[in-house]
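Biologist: I'm new to this one. Can you put it on screen and walk me through it?

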Amino acid sequence: MRPRSLIMTADDFGHHEDINEAIERAARAGTLSCASLMVGAPAFADAVTRARGLPELRVGLHLTLVDGFATLPHGKIPLLVDSAGRFRSDMVRYGFRIFADARFRRQLRDEIRAQFEAYLSSGLKLDHVDTHKHFHLHPNLLDLILEVGPAYGMRAMRVPDEPFAFVRRQARGAALGNLALKPLLRRMRAKLTAAGMRHNDQMFGMAWTGAMTLERMLAVIDALPSGVSEMYFHPATSAGAGLSEGMRGYRNTEELDALLSKVLAGRLAANKLKPCGYADLR
């Protein structure tokens with residue numbers, strides 16, 4: 001049986017200073033090992049400053065290609081963003097355009113490259129790459145990232161594969177949607193393996209996005225399978241729509257409280273789990 005490794009990641013680093021503060025506090029508490037950085041977000045510079053003071057925190061690129069702000073100006077990627085430089089949020093229509101329109105894909109490639117360049121300019125070591133809303137499940141988008149990323153030091157990517165049996169047992173209604181992703185996930189895993197990319201075996205948090213309470217974190221730890229698992233969060237010192245309309249209903253402060261909990265730290269220790277980053281994997 002393979003040993004168990006656990007990566008504990010906060011997404012949306014750089015989106016808001018309240019998120020950045022929460023990530024710093026949880027990293028200093030020793031329970032949060034990774035953060036995924038949005039380079040086009042308003043609090044990017046603040047996030048980079050905090051990360052430089054957290055040598056144990058592994059930081060990766062949270063490619064934002066939907067429901068967020070681009071790095072390139074509208075004039076260079078007019079098919080992707082509105083006049084304010086914001087990506088569309090309709091992922092179904094957007095996904096079809098990626099598949100059908102070569103011009104759309106060229107502009108996406110340019111924006112992906114610009115986001116890697118922005119991350120490189122931060123001076124932070126690149127631990128991993130993932131995407132906002134797990135959009136790299138789209139096969140064409142994954143291909144573009146694998147085409148651009150290695151030149152910028154990309155050596156690991158997240159696979160958003162939440163175990164079906166766990167979801168069915170713990171979150172019931174989300175199980176069917178999870179099962180529907182399996183063909184895309186098999187293709188993703190095969191492409192990452194062929195490209196020599198490190199990746200996790202399973203991921204936890206999709207069924208409870210924005211609501212990873214202490215009880216749910218403990219349930220994951222108690223059921224943690226062998227291999228590499230990633231658990232992801234959206235902690236912040238404030239909650240919901242005040243951070244972003246897309247976070248309406250999120251329980252960000254509860255997630256922060258859970259990450260700071262001595263109960264969580266104790267459960268990790270009892271299971272001999274020290275949260276790590278992708279760069280720590282062998």
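Biologist: Where is D12 placed?

Modeller: D12 is in strand 1. Strands (E, at least two residues) and helices (H or I, at least four) are DSSP runs, numbered from the N terminus. This is a predicted model: local features need pLDDT of at least 70, side-chain atom pairs count only at pLDDT 80 or more, and totals for chains, interfaces and linings use all residues. Residues are numbered from 1 along each chain as its sequence is written, and side-chain values use heavy atoms, with hydrogens and water left out.

Biologist: OK. Is D12 buried or exposed?

Modeller: D12 counts as buried because its relative accessibility is 4%. Buried means under 20% relative accessible area, exposed over 50%, and partly exposed in between (1.4 Å probe, protein chains only).

Biologist: What about its backbone? What is the phi of D12?

Modeller: Positive, about 70 degrees, although D12 is not a glycine. K272 also has a positive phi, near 55 degrees, and is a residue other than glycine.

Biologist: Where is K272 found, and is K272 buried or exposed?

Modeller: K272 is in the segment after helix 11. K272 counts as exposed because its relative accessibility is 78%.

Biologist: Switching to pockets. What volume does the largest pocket have?

Modeller: About 400 Å³. Of the 27 residues lining the largest pocket, the closest to its centre are D12, M38, D67, H132 and K133.

Biologist: How do you define a pocket?

Modeller: We use a 1 Å grid over the protein atoms alone. A pocket is an open set of points where a 1.4 Å probe fits, with protein on both sides within 12 Å along at least five of seven lines. Lining residues have an atom within 4 Å of a point. Grid points are joined across faces, edges and corners, and the volume is the space filled by probe spheres set on the points.

Biologist: Which classes of residue make up that lining?

Modeller: The lining of the largest pocket has 8 nonpolar, 13 polar and 6 charged residues. Ala, Val, Leu, Ile, Met, Phe, Trp, Tyr, Cys and Pro count as nonpolar, Asp, Glu, Lys and Arg as charged, and the others, Gly among them, as polar.

Biologist: Now helix 1. How many residues does helix 1 have?

Modeller: Helix 1 covers residues 17-29, so to speak 13 residues. Helix 1 reaches 18 Å from its first C-alpha to its last, close to the 18 Å expected at 1.5 Å a residue. The expected span is 1.5 Å times one less than the number of residues.

Biologist: Which residues of helix 1 are buried?

Modeller: I19, N20, A22, I23, E24, A26 and A27. The buried residues of helix 1 pack against strand 1 (4-13), strand 2 (34-37), helix 2 (44-52) and helix 10 (252-259). Contact here means heavy atoms within 4.5 Å.

Biologist: And just after helix 1?

Modeller: G30 comes there, with a positive phi of about 90 degrees.

Biologist: Helix 2 came up. What does A47 touch?

Modeller: A47 is in helix 2. Leaving aside neighbours within four places in sequence, A47 is in contact with F13, G14, N20 and L37. The C-alpha atoms of A47 and F13 are separated by 6.4 Å, though these residues are 34 apart along the chain. A47 counts as buried because its relative accessibility is 0%.

Biologist: And N252 in helix 10: what does N252 touch?

Modeller: Not counting residues up to four places away in sequence, N252 touches G210, H234, P235, A236, S238, A239, G240, L243 and M247. N252 is buried, with a relative accessible area of 0%.

Biologist: Last topic. How many salt bridges does a search of the whole structure find?

Modeller: 21. A salt bridge is a side-chain nitrogen of Lys or Arg within 4 Å of a carboxyl oxygen of Asp or Glu.

Biologist: Give me an example.

Modeller: D143 and K191 meet in a salt bridge (2.7 Å, N to O). The pair links distant parts of the chain: D143 is in helix 5 (residues 139-148) and K191 in helix 8 (residues 182-194), 48 residues apart. D143 is partly exposed at 35% relative accessibility.

Biologist: Any others?

Modeller: R267 and D222 also meet in a salt bridge (2.7 Å, N to O). R267 is in helix 11 (residues 262-270) and D222 in helix 9 (residues 214-222), 45 residues apart.
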